[in-house]
Amino acid sequence: MGENADLLNLVVATVALIVSVVALGFSIFFWHRQFRPIVTAMVETHHGGSDGISYNLVILNSGSIPAKNIKLHMRDRSSLEAALGAGADKDARELWLACFEPSRVIRLLQNGARTSCSFGFTHRDLRRSFWSAQAEFPIQIEYEGWFGEKYQKDLPNVVQIADSDSFTGGMWGPVKSVGGSRGAR
């Protein structure tokens with residue numbers, strides 16, 4: 001009976017050791033995937049009115065550590081060209097697409113922080129519009145973690161030129177009073 005009890009204790013201890021090692025491996029794996037910067041980009045409405053909408057390109061770090069040396073790269077030039085409107089002349093391109101210049105680097109973006117730059121506009125008069133409304137194109141974001149690990153192979157970030165104040169384009173306006181008030185006599 002004593003030999004069987006010792007064997008059973010050995011089996012239980014071995015299984016517990018294996019489960020602990022596997023759990024430690026999973027913990028390290030998921031910690032490594034979470035303990036990093038996660039940098040994304042999106043187009044956000046800067047100001048909208050009856051004639052058009054001006055946009056910002058917003059860069060966000062939603063990871064758990066700061067990101068360094070962030071660079072934005074155009075992933076597909078033909079998609080960008082298709083997204084441009086009739087008002088995208090040479091001067092406007094230099095102004096609104098400067099964020100993709102190789103010399104433009106965001107040196108540090110703290111975790112939970114964001115930064116932005118002006119990013120063109122759509123206009124009711126399509127001949128003046130820099131972007132085509134609802135256009136999409138992919139960009140690549142390259143950056144480093146706080147400890148120097150490089151992130152270049154993340155999935156492309158698809159940006160959409162759309163009003164971020166309303167995904168349908170409809171919004172509430174100011175409430176207009178109709179006639180007199182109900183309680184007045």
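Start by selecting helix H1, residues 2–34, and click on Val11, which sits in this helix. Before going further, keep in mind that what you have open is a predicted model.

**Stop 1: a nonpolar patch**

Is Val11 buried, exposed or partly exposed? With a relative accessible area of 45%, Val11 is partly exposed. Now add Leu7, Leu10, Val15 and Val19 to the selection and show the surface. Together with Val11, these residues make a nonpolar surface patch of about 460 Å².

**Stop 2: the sheet**

Next, switch to a cartoon view and select residues 39–48, 52–61 and 114–123. The first range is strand E1 and the last is strand E5, while residues 52–61 are strand E2. What is the order of the strands in this open sheet? Reading across, you get E1-E2-E5, with antiparallel pairing. Strands E1 and E5 stand at the edges with a single partner strand each, so one side of each has no neighbour in the sheet. Look along the sheet and you'll see that neighbouring strands are turned against each other, by 25° on average if direction is ignored.

Zoom in on E2 and E5. How many bridges join this antiparallel pair? There are 8 bridges between E2 and E5. To pick one out, select Ile53 and then Thr122 in E5, which is its bridge partner.

**Stop 3: the salt bridges**

Time for some charged side chains. Side chains of opposite charge can pair when their charged atoms come close. Searching the whole structure turns up 5 salt bridges, and three of them are worth a visit here.

Select Glu81 and Arg93 and show their side chains as sticks. They form a salt bridge, with the closest N and O atoms 3.0 Å apart. This pair links distant parts of the chain: Glu81 belongs to helix H2 (residues 77–83) and Arg93 to helix H3 (residues 90–96), 12 residues apart. Glu81 is partly exposed at 36% relative accessible area, and Arg93 is also partly exposed, at 29%.

Stay on helix H3 and select Lys90 and Glu94. Here the closest N and O atoms of the salt bridge are 2.8 Å apart. Because these two are 4 residues apart in the helix, about one helical turn separates them. Both Glu94 and Lys90 are exposed.

For the last pair, select Asp125 and Arg127. Their side chains meet in a salt bridge at 3.1 Å, N to O. Colour by accessibility if your viewer can do it: Asp125 counts as partly exposed at 25%, whereas Arg127, at 65%, counts as exposed.

Definitions and conventions:
Residues are numbered from 1 along each chain as its sequence is written. This is a predicted model: local features need pLDDT of at least 70, side-chain atom pairs count only at pLDDT 80 or more; totals for chains, interfaces and linings use all residues. Side-chain values use heavy atoms; hydrogens and water are left out. Two strands pair if DSSP finds at least two bridges between them. Axes are lines fitted to C-alpha atoms, for helices over the stretch in contact, and angles run from 0 to 180 degrees between N-to-C directions. Patches are made of residues with over 30% relative accessible area and no salt bridge: like charges are joined within 9 Å, nonpolar side chains (Val, Leu, Ile, Met, Phe, Trp, Tyr) within 5 Å. Accessible areas come from the Shrake-Rupley method with a 1.4 Å probe; for residues, only the protein chains shown count as cover. A salt bridge is a side-chain nitrogen of Lys or Arg within 4 Å of a carboxyl oxygen of Asp or Glu. Buried means under 20% relative accessible area, exposed over 50%, partly exposed in between (1.4 Å probe, protein chains only).
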